[in-house]
Amino acid sequence: MKIATWNVNSIRARADRVEAWLQRTDVDVLAIQETKTKDESFPWELFEKNGYEVAHFGLDQWNGVAIASRVGLEDVERTFVKQPPFKEVAEARAIAATCGGVRIWSLYVPNGRELGDPHMQYKLEWLDVLREHAASLLDADPGAQVALMGDWNVAPEDHDVWDMAFFEGKTHVSGPERAAFRAFLDAGFVDVVRPFAPGPGVYTYWDYTQLRFPKKQGMRIDFVLASPALAGRVTGAAIDREERKGKGASDHAPVIVDLD
């Protein structure tokens with residue numbers, strides 16, 4: 001089975017590219033982030049005509065997450081247990097479904113904006129509660145097949161950004177954010193892509209401005225964290241940097257994991 005995660009930065013703007021990519025890569029399950037649309041405006045037919053069931057969670061023109069699967073789509077869950085709200089709204093940042101026996105989570109972690117911004121505290125709390133929920137799944141069943149997939153908005157290692165000096169005093173690389181990410185690894189989850197796509201210079205996101213992509217000035221912020229039982233099934237992984245090229249590309253590249 002082949003699973004993938006991709007922040008598409010607007011599913012409606014990227015519909016043709018998403019369809020072509022699914023047809024080209026033969027992915028079984030795709031976790032999608034930043035769909036930027038409400039449920040009623042989501043392009044359901046794009047996936048259905050290509051043989052995928054799809055679940056989407058979108059409240060407005062921001063955020064939005066989805067899971068498309070051609071190996072089953074069961075027990076859909078919007079938000080995780082006790083997901084923190086922002087300004088009393090549980091944002092559309094997490095959706096789960098069981099696909100081919102694997103509990104897939106599509107996650108769009110809050111950005112944080114700036115170190116002193118209220119959104120940063122929201123981000124840290126959001127990650128902490130998610131970690132508690134994810135750890136509870138392993139406590140309940142050490143053999144659980146779980147994949148936490150998405151745009152984490154954290155670069156956990158220095159070589160996950162193109163220049164640490166540039167990011168000094170900025171989000172994504174701060175100590176608290178990295179500690180929040182590391183807590184998932186401490187809980188038993190495994191970054192299953194890094195062994196197959198090690199750095200430095202390996203990124204999943206490049207800003208549209210300042211010619212960041214051709215200059216190879218990116219960040220590694222999209223990850224697949226697998227439960228121990230699922231990690232043992234991984235036979236390969238890759239970051240599809242080619243999909244960042246060309247007209248109409250998302251600023252993120254898809255991340256793909258092969259399972260036996």
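Contact here means heavy atoms within 4.5 Å, while helices (H or I, at least four residues) and strands (E, at least two) are DSSP runs numbered from the N terminus. Welcome to this predicted model, in which local features need pLDDT of at least 70, side-chain atom pairs count only at pLDDT 80 or more, and totals for chains, interfaces and linings use all residues. Residues are numbered from 1 along each chain as its sequence is written, and side-chain values use heavy atoms, with hydrogens and water left out.

**View 1. Helix α3 lies across four strands of the sheet.** Let us start with α3, which covers residues 118–140 and lies across β5, β6, β7 and β8 (146–151). Its direction is at about 175° to that of β7; such angles run from 0 to 180 degrees between N-to-C directions, and the axes are lines fitted to C-alpha atoms, for helices over the stretch in contact. Helix α4 (residues 175–186) also packs on the sheet, where it touches β8, β9 and β10 and makes about 25° with the direction of β10.

**View 2. Asp-117 caps the N-terminal end of α3.** Look for a side-chain oxygen of Asp-117, 2.7 Å from the backbone nitrogen of His-119. Following the helix along, its end C-alpha atoms are 33 Å apart, which agrees with the 33 Å that its 23 residues should span at 1.5 Å a residue (the expected span is 1.5 Å times one less than the number of residues).

**View 3. Six strands form an open sheet with mixed pairing.** The strand order is β5-β6-β7-β8-β10-β9, and two strands pair if DSSP finds at least two bridges between them. Because β5 and β9 stand at the edges with a single partner strand each, one side of each is left without a neighbour in the sheet. Further in, β6 and β7 (residues 102–108) run antiparallel and are joined by 6 bridges; one of the pairs to find is Cys-99 with Val-102 in β7.

**View 4. Glu-34 and Lys-87 have positive phi without being glycine.** Glu-34, in the loop between β2 (29–33) and α2 (44–48), has phi near 55°. Lys-87, in the loop between β5 (74–78) and β6 (94–99), has phi of about 55°. Which is buried and which exposed? Glu-34 is buried, with a relative accessible area of 13%, whereas Lys-87 is exposed at 72% (buried is under 20%, exposed over 50%, partly exposed in between, with a 1.4 Å probe and protein chains only).

**View 5. A cis peptide bond joins Gly-199 to Pro-200.** Omega is near 0° at this bond. Pro-200 sits in the loop between β9 (190–191) and β10 (222–226).

Key. Polar contact = N/O pair within 3.5 Å; in protein donor to acceptor, adjacent residues only side chain to side chain.
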